[in-house]
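Here is a short tutorial on reading buried residues, contacts and cores. Please look at the sequence and structure before reading on.

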Amino acid sequence: MSSTTARADGITRTPAAPFEAARRSLTWPWLAVSLIAVAGLVLRFVGARGDLWLDEIWSFALLKPLGSIDQIFWRVNHDNNHFLNSVYLYLVGPDAPPLAQRGLSIALGVATIVAAAVAAAPRGRLAIIATSLLFAVSYPLVHYGSEARGYAGLVLFTVLSLVFLERSLDGRRYARTVLAIAMLFGMLSHLTMIFTGIVLVAWACWVVWLRTRKATGTFIEIWSIFRPTLVAVLPLAACVIVGARLYGVTVGGLSPFSPAAFAAGYGGMIRYLFGLPAWTNDWAGIGVCCALVCASAWIFRDRRASLYVIAIVGLPVLMWLARLPNLEFPRYFIVSATFMLLWVGELIGRGLAAGGRNRFLAAVGMAAIVLGSAVSLFSFYQSGRGSYAAMVEKMTRDGPATFSSNHDFRTPLVVDYFSERMGRQASFIPQGKMCAERPDWLILEGDMAEPLERFKGAFQCSLDYDRVDAASHWGLSGLSWSLYRRRG
């Protein structure tokens with residue numbers, strides 16, 4: 001039977017049914033992505049509830065002395081200054097509701113779900129849905145997509161940079177300009193975007209080398225792809241350098257490199273990323289993930305196979321060799337985690353498309369990740385990033401109060417922020433002056449399995465305190481506090 005029909009005017013028309021079927025086949029995955037993005041928005045709204053925690057408050061403290069918005073880029077040379085987020089917080093202000101203060105991260109986190117679907121599109125419709133779902137529900141992405149810091153933007157622009165680098169490698173010249181914009185906004189979100197740049201440049205060099213087998217040709221093409229990026233980030237680099245010369249550079253805290261710290265950071269990120277049980281061994285998680293990435297690269301051998309090896313295996317190895325500090329914090333592995341989610345989404349999409357036993361295994365794997373993520377999110381929603389405003393309100397309810405703490409910087413910073421929001425007054429007394437000034441309250445920071453109900457005869461002057469409140473946190477950020485009131 002012919003697939004066309006002839007009209008009286010002599011013009012031949014193709015029936016609408018095949019076009020309609022094609023249109024539906026292209027549309028339904030993106031309808032699913034839209035629903036998944038809405039679900040991701042809800043998860044991030046719920047995660048954005050509660051008090052700001054130390055690092056979010058610290059950003060406001062860094063912004064407080066500034067006289068104009070441009071000073072964010074050259075006067076505040078601190079590792080807690082995430083430029084794009086700082087600009088947003090400067091405009092919103094310290095007295096806005098927490099949901100508004102975290103609004104930029106929420107928007108960027110939801111946009112990441114759609115961007116991940118676009119990145120997965122070349123792998124098929126099922127990969128689109130699987131990848132967007134992973135980015136929507138994975139606890140670290142919900143956490144950082146609901147926190148007033150720069151990590152949500154870092155993840156979004158990492159994904160977009162990959163999308164437009166691939167298009168640049170395919171010869172689309174406009175994509176080089178968009179790649180430069182994505183890399184610039186990634187740097188403005190968080191300077192850890194440098195890790196994304198290392199991964200993408202290394203991968204692009206490998207891809208072009210395989211195609212040309214000539215060092216000169218590879219260099220010329222890589223230079224033409226990344227030259228706009230270099231031009232785009234130079235002004236930002238100049239601001240940072242000038243600011244460093246004028247005001248120096250401050251790092252909130254440094255802990256030395258150790259294999260144990262590396263395992264806790266990378267292994268912890270893998271555990272949180274896929275909702276694995278808390279008893280999962282860090283080294284085992286790292287070893288299994290790296291082995292599976294290498295095995296899948298050997299099996300599929302497509303263009304992205306080398307990308308995943310470079311990002312998930314190579315980048316952490318480079319961080320190990322550089323002996324970087326602070327690696328016990330999972331957030332420093334968020335670039336590798338982003339590529340890991342893309343890789344798993346692609347694997348699940350392949351399995352679902354293959355049918356048979358592979359489809360069953362892929363479905364079970366996706367269900368396990370979603371269930372594990374749901375358990376993690378439940379714990380996060382229960383405890384959040386800690387609870388501080390209620391304790392400050394309790395301390396200052398009857399008028400100005402004095403307090404001390406086992407942390408002379410972090411605790412006063414948080415108390416000052418909430419007392420100013422409430423129009424209250426709370427004065428900090430350093431530990432060395434406790435006996436002389438006898439503070440009314442004592443705040444102990446730290447997770448205690450069994451918090452002491454009473455500090456009797458504590459310190460050299462036998463101060464006596466009763467515990468009146470406590471709050472814990474769960475997950476990737478936050479502080480646990482125990483509040484004590486002095487007797488007598």
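The dialogue below takes up one residue, then a core, then a helix.

Q: What kind of model is this, and how are residues numbered?
A: The model is predicted: local features need pLDDT of at least 70, side-chain atom pairs count only at pLDDT 80 or more, and totals for chains, interfaces and linings use all residues. Residues are numbered from 1 along each chain as its sequence is written, and side-chain values use heavy atoms, with hydrogens and water left out.

Q: Is V335 buried or exposed?
A: Buried means under 20% relative accessible area, exposed over 50%, and partly exposed in between (1.4 Å probe, protein chains only). V335 has a relative accessible area of 1%, so V335 is buried. V335 sits in helix α15 (residues 334-354); helices are DSSP runs of H or I, at least four residues, numbered from the N terminus.

Q: Which residues is V335 in contact with, leaving aside neighbours within four places in sequence?
A: Contact means heavy atoms within 4.5 Å. For V335 these residues are L154, T192, F195, T196 and L315.

Q: Which residues touch the most other members of the largest nonpolar core?
A: A nonpolar core is a set of buried Ala, Val, Leu, Ile, Met, Phe, Trp, Tyr and Cys residues joined through side-chain atoms within 4.5 Å. In the largest one, of 114 residues, they are L165, I312, F339 and M340. Helix α8 (residues 151-169) gives the largest share of this core, twelve residues.

Q: Why is helix α2 described as largely enclosed by the rest of the structure?
A: Nine of the ten residues of α2 (residues 54-63) are buried, so the description fits. Among them are W58 and F60. The buried residues of α2 pack against α3 (83-92), α4 (98-101) and α18 (410-422).

Notes: Helix = DSSP H or I, 4+ residues; strand = E, 2+ residues; numbered from the N terminus.
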